[in-house]
Protein chains: 2
Amino acid sequence: MAKNGKISDAVIRRLPKYYRYLGDLLKNGINRISSNELSRLTGFTASQIRQDLNNFGGFGQQGYGYDAKKLREEISKILGLDHKYKVVIVGAGNIGQAVANYAGFYEEGFEIMALFDKNPKLVGLRIRDLEIMDIDDLKEYLTHHKIDLVVLCTPKEASQGIADIVTSCGVQAIWNFAPTDIKVTDNVAIENVRMNESLYTLVYYYNEKSNNFNN
Amino acid sequence: MAKNGKISDAVIRRLPKYYRYLGDLLKNGINRISSNELSRLTGFTASQIRQDLNNFGGFGQQGYGYDAKKLREEISKILGLDHKYKVVIVGAGNIGQAVANYAGFYEEGFEIMALFDKNPKLVGLRIRDLEIMDIDDLKEYLTHHKIDLVVLCTPKEASQGIADIVTSCGVQAIWNFAPTDIKVTDNVAIENVRMNESLYTLVYYYNEKSNNFNN
DNA sequence: TAGATTGTTAATCGATTAACAATC
DNA sequence: TAGATTGTTAATCGATTAACAATC
């Protein structure tokens, strides 16, 4: 842990992976897990796993390991997955629909409350049990509903404008799929899914491996 | 640069961001850029930017800065974006369709050659100018076409199986959107887009900020 | 030339790993 | 108890930042 008591981003970003594997273990009826075994599953070192978890408390037991169910619950609490979150999706194209349709999010407490789009061909269509609403009604909607999180699935030209609108309405979390950087005030959490950058990185490593082959 | 001469992953993952901002600059008719100005745009320190770029060569000029066009081309070469890549998408649901429909990928040289799906309701449908093919024909297709990259947009239960098939057919790059870890041999590049983990991380920071507010 | 800005080395910082005492 | 495995400190490693000489 850093001296200021803040947990580093690298640690936080490993927690979801622990959470996922613990879920898998429980599904397979395994209730006890050692840092060594978790290391084998996740690819992180056992030492790192113990360090990570000890940032938040001593969840294990010497000579035994960790109780998978209890540990998963603790990580759930740390991440905040023990709460429910009201979500609005802006941009109801493929990505917006993919998020709306992904059952896994609902199971973890993310409730899609509404979808908005600018395209008249999409407005009125139903995704699951939700009718896509007109983007012009977004501000009005947000002033009347307490929304935790907005998923930004608009073209990149529109995203900063939408971000400004939703944050001015009090939304404090933005999940951005547009390939652009969005500026928000310090009280707003923002997380980018950078598909472009991911693809370019993949291509770099693809070529690196191919080149090695030609050596 | 590490002693072994290998560029660190952290450096590689910053390159696409440089690449993007250089493109924006060129679009705005700006041809000259200093590390200081790039720092302001990207949020990385000027020192880091100079370090990063110098891993690959001295692309700048003292007293002047960098030529945006030249620098962008160099990064393009480093990442391998100066090549064309033949791409097959497996799983033609929302995510698969989103990738297929995203024009930006085509512009960067990624040619979608075919889409495959298991769902008979999707097979035969057209996405852009491509007919969705039956997953049963995937192996046959790959043996007759040299494909660089497979995009995995299947449910997580199917992804390892598909990965095994495509790598056995010689595909050496997998872009995986399924929320699971896939095992491949060392000659295959794999890159995961972990939407779940991204969302959980966002929620962590969202709660952290809210808690601060309540202090 | 003077000013600007890179390229590059050295210093710092933080993250990861190793080691082992504590203890179940 | 003996064996196992955590929690935690110390050592190492690598990444970032600072500084400045080189040079355009």
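This tour moves from a helix in chain A to a DNA strand and then to chain B.

The model is predicted: local features need pLDDT of at least 70, side-chain atom pairs count only at pLDDT 80 or more, and totals for chains, interfaces and linings use all residues. Residues are numbered from 1 along each chain as its sequence is written, chains are lettered from A and ligands numbered from 1 in the order in which they are written, and side-chain values use heavy atoms, without hydrogens and water.

**Stop 1: helix H2 of chain A**

Select residues 35-42 of chain A, helix H2. Helices (H or I, at least four residues) and strands (E, at least two) are DSSP runs, numbered from the N terminus. Ser35(A), Leu38(A), Ser39(A) and Thr42(A) are buried; that means under 20% relative accessible area, with exposed over 50% and partly exposed in between (1.4 Å probe, protein chains only). Look down the axis of H2(A): the buried residues fall within an arc of 105°, so they line one face of the helix. The arc is taken from the directions from the helix axis to the C-beta atoms. On the other side, Asn36(A) and Arg40(A) are exposed.

Now show what covers the buried residues: the cover includes helix H1 (9-27), strand E1 (32-33), helix H3 (46-54), strand E3 (65-67) and helix H4 (68-79) of chain A. Step past the end of H2(A) to Gly43(A), which has a positive phi near 90°.

**Stop 2: DNA strand D**

Select DNA strand D with its 24 surrounding residues, each having a heavy atom within 4 Å of the strand. The closest are Ser35(A), Gly60(A), Ser47(B), Gln51(B) and Gln61(B). The surrounding residues divide into 3 nonpolar, 18 polar and 3 charged.

Zoom in on three side chains:

- Gln51(A): a polar atom lies 2.9 Å from a base oxygen of strand D.
- Tyr66(A): a polar atom lies 2.9 Å from a phosphate oxygen of strand D.
- Thr45(B): a polar atom lies 3.0 Å from a phosphate oxygen of strand D.

Which helix gives the most to the surface near strand D? H3(B) does, with 4 residues.

**Stop 3: Ser35 of chain B**

Go to Ser35(B), in helix H2 (residues 35-42) of chain B. Ser35(B) is buried, at 9% relative accessible area. Beyond neighbours within four places in sequence, Ser35(B) is in contact (heavy atoms within 4.5 Å) with Ala46(B), Ile49(B), Arg50(B) and Tyr66(B).

**Stop 4: strands E9 and E10 of chain B**

Select residues 173-176 and 189-192 of chain B. The two strands run parallel, joined by 4 bridges. Ala173(B) stands opposite Ala189(B). In E10(B), Ala189(B) and Glu191(B) point to one face and are buried, while Ile190(B) and Asn192(B) point to the other and are not.

Key
Two strands pair if DSSP finds at least two bridges between them. A polar contact is a pair of N or O atoms within 3.5 Å; within protein, one must be able to donate a hydrogen and the other to accept it, and residues adjacent in sequence count only if both atoms are side-chain atoms. Ala, Val, Leu, Ile, Met, Phe, Trp, Tyr, Cys and Pro count as nonpolar, Asp, Glu, Lys and Arg as charged, and the others, Gly among them, as polar.
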